[in-house]
Amino acid sequence: LVSAAGAWLFGRSQFGEAGGLPIARRAMPVRLAGVGLLAASIQLRMRSIDSFRQHKTPLAHRQEVQTLVTDGPFAYSRNPMYLGIVGALASTGLLMNTWWGVGAALPFATYLQLFVIPGEEAYLESKFSGFSEYAQRTPRWLLI
């Protein structure tokens with residue numbers, strides 16, 4: 001959220017009051033979409049955390065996992081927690097009616113895709129024999 005606000009402030013300082021790249025002239029519908037995306041992102045993250053807790057799976061990295069969680073939000077995405085974070089970050093851009101904020105989510109999602117998720121999936125592959133089947137039927141994000 002801080003990076004989205006920073007991108008908006010940068011755009012505003014460089015391009016004036018509108019922040020440089022406004023999404024729409026009428027900001028209210030865009031801002032309402034931002035509220036909806038933020039609410040959905042928070043809900044997704046909370047449901048994902050609840051699934052981990054139900055299965056007694058640690059949230060923190062570097063702790064040994066005992067159970068492969070494949071139900072709840074994990075039935076639709078292998079990374080619903082990350083999806084919630086990226087969605088919340090993008091919602092900041094919608095709330096501020098600027099493409100700068102929405103675009104700030106892309107570098108973070110790229111970092112997760114290239115540097116974080118592959119290591120986590122390699123660990124899960126080595127730990128759980130059913131991970132390959134789960135990975136084949138469940139998208140990494142939502143549609144891909």
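The dialogue below takes terms used for a predicted model and sets them against their definitions.

Mentor: In this predicted model, local features need pLDDT of at least 70, side-chain atom pairs count only at pLDDT 80 or more, and totals for chains, interfaces and linings use all residues. Residues are numbered from 1 along each chain as its sequence is written, and side-chain values use heavy atoms, with hydrogens and water left out.

Trainee: Why are α3 and α5 called roughly antiparallel?

Mentor: Helix α3 (residues 80-95) and helix α5 (residues 105-127) pack at an angle of about 170°. Angles run from 0 to 180 degrees between N-to-C directions, and those over 145 count as roughly antiparallel. The two helices are therefore roughly antiparallel.

Trainee: Which residues of α3 and α5 meet?

Mentor: Contact means heavy atoms within 4.5 Å. Tyr82, Ile85, Val86, Leu89 and Ala90 in α3 meet residues of α5, including Phe108, Leu112 and Glu120. By class, this contact has 11 nonpolar, no polar and 1 charged residues. Glu counts as charged, whereas Ala, Val, Leu, Ile, Phe and Tyr count as nonpolar.

Trainee: What makes lysine 127 and glutamate 64 a salt bridge?

Mentor: The term requires a side-chain nitrogen of Lys or Arg within 4 Å of a carboxyl oxygen of Asp or Glu. In this pair the closest N and O atoms are 2.6 Å apart, so the definition is met. Lysine 127 is in helix α5 and glutamate 64 in the loop between α2 and α3, 63 residues apart.

Trainee: How many salt bridges are found in the whole structure?

Mentor: The search finds 4.

Note on methods. Helix = DSSP H or I, 4+ residues; strand = E, 2+ residues; numbered from the N terminus. Parallel < 35°, antiparallel > 145°, perpendicular 65-115°, else oblique.
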